[in-house]
Amino acid sequence: MGDAQKLTPDEQVAFARDAFENADDLTVAVEEEFALLDPATLELTNRFEELQDAAGGSELEEHLVGELIASEIEVKTGRCDTFAEAFERMAERRAQLGELVDAQGVALAATGTHPWSRWQDQRIIDTPHYRRNEEILKYVVWRNNSFGIHVHVAVRGADRAIAVCNAYRNVLPELLALSASSPFVEDAVTGLHSARTQIFTRMFPRCGVPDAYEGWADFERYVRFLYSTGSIDEHTQLWWSVRPHLAFPTVEVRICDAQPDLGDAQSLAALIFSLGARFARAIDEGEPLPSLPGRLIEENFWRAIRTGMSGGMIGFASGDVVPARRRIEQLIEWVEPVARDLDTARFLAVPDANAAERQYARLGEVGSPREVFAELVRRPRERVA
């Protein structure tokens with residue numbers, strides 16, 4: 001939240017509204033979370049503060065932040081005027097982070113969960129924000145050892161931002177199915193494609209699929225209610241899978257698992273950005289967008305958690321079940337006119353398999369989740385030609 005954390009609740013809401021009204025439309029930023037590992041054992045290791053100190057004075061310093069536990073690190077592209085810029089920054093940040101951890105004797109991984117490290121062994125980082133989260137949430141925050149990728153899409157206009165948020169709700173299951181990368185946790189082969197989502201969205205309050213709001217005033221009434229009742233403060237915010245951010249004039253999509261492969265992360269971010277732009281155009285042109293009730297979105301949400309791209313998504317307009325892969329292809333087809341205009345079409349692709357499917361396939365060959373994970377550890381540091 002940055003400096004906005006110093007604002008009163010009333011000031012915070014007013015600040016957010018004004019920021020959206022004056023935003024530069026369709027800028028983009030990407031945040032990626034990585035697990036910090038002991039290179040010998042591949043256990044999670046509480047080394048964030050050392051890495052933060054080591055990054056001091058470097059270009060990476062301002063783009064590197066802590067994220068709850070000391071065995072996790074986040075890198076940010078920063079605000080980018082075009083997605084092509086964000087695409088390059090994602091590769092650059094991974095390369096910079098790889099060089100940093102190599103110099104400090106730390107390994108990296110980018111899957112939604114760690115396959116076996118115990119949450120009891122992870123330390124909450126010592127900041128006012130996370131001390132407050134721990135004070136309020138206790139077991140819920142201790143248990144959240146998970147890693148994701150977040151995409152921020154700037155939207156000009158407070159009501160327009162809410163409308164874009166509402167539209168994103170409908171496609172959260174497809175984005176999760178595409179990104180699922182967490183089949184293993186607590187030394188268990190879970191049978192899920194995104195154990196991260198089951199842990200995070202089912203445990204945290206005000207998480208998962210948000211309600212649709214009629215406009216900024218409707219959203220603001222709810223936020224003010226939460227502030228007035230002490231349900232949230234500047235440190236305990238809305239953890240929805242998509243949300244209007246209260247510190248930056250962006251709609252933040254938070255549903256996706258971390259991606260082992262840079263190319264998959266870039267393509268996923270390109271789709272999320274393109275969808276945001278396509279939603280905004282539809283709103284501007286009066287094109288109808290569906291507004292599904294949460295209970296129906298939750299049906300596809302569970303399908304994405306359980307079977308990722310291997311299963312099907314319910315088509316609520318037709319009443320049939322469509323292969324998840326085909327549903328994602330349909331989204332890419334729908335955004336293509338805007339993607340061409342924004343030069344993101346070249347980044348859009350549906351992989352042969354998502355990261356969870358690849359891990360399950362490899363498990364059948366090597367027989368051990370630990371061996372599968374070991375093969376993925378090097379991936380976040382690979383450069384792109």
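This is a short conversation about helix packing, a nonpolar core and one glutamate in a predicted model.

Mentor: Local features here need pLDDT of at least 70, side-chain atom pairs count only at pLDDT 80 or more, and totals for chains, interfaces and linings use all residues. Residues are numbered from 1 along each chain as its sequence is written, and side-chain values use heavy atoms, leaving out hydrogens and water.

Trainee: Why are α9 and α11 called roughly perpendicular to each other?

Mentor: The axes of α9 (residues 262-285) and α11 (residues 324-342) come within 8 Å and cross at roughly 75°. Angles of 65 to 115 degrees count as roughly perpendicular, so that is the name for this pair.

Trainee: Which residues does Leu 275 of α9 contact, leaving aside neighbours within four places in sequence?

Mentor: Its partners are Tyr 168, Val 171, Leu 175, Leu 331, Trp 334 and Val 335, where contact means heavy atoms within 4.5 Å. Leu 275 is also among the residues with the most contacts inside the largest nonpolar core, which has 76 residues. Helix α6 (residues 158-179) gives the largest share of this core, 13 residues.

Trainee: What makes Glu 375 partly exposed?

Mentor: Its relative accessibility is 33%. Buried means under 20% and exposed over 50%, with partly exposed in between (1.4 Å probe, protein chains only), so Glu 375 counts as partly exposed.

Trainee: Which residue's side chain does Glu 375 join through a polar contact?

Mentor: That of Arg 362, at 2.8 Å. A polar contact needs N or O atoms within 3.5 Å, one able to donate a hydrogen and the other to accept it.

Key
Core = buried A, V, L, I, M, F, W, Y, C linked by side-chain atoms within 4.5 Å. Helix = DSSP H or I, 4+ residues; strand = E, 2+ residues; numbered from the N terminus. Axes fitted to C-alpha atoms, helices over the stretch in contact; angles between N-to-C directions. Parallel < 35°, antiparallel > 145°, perpendicular 65-115°, else oblique.
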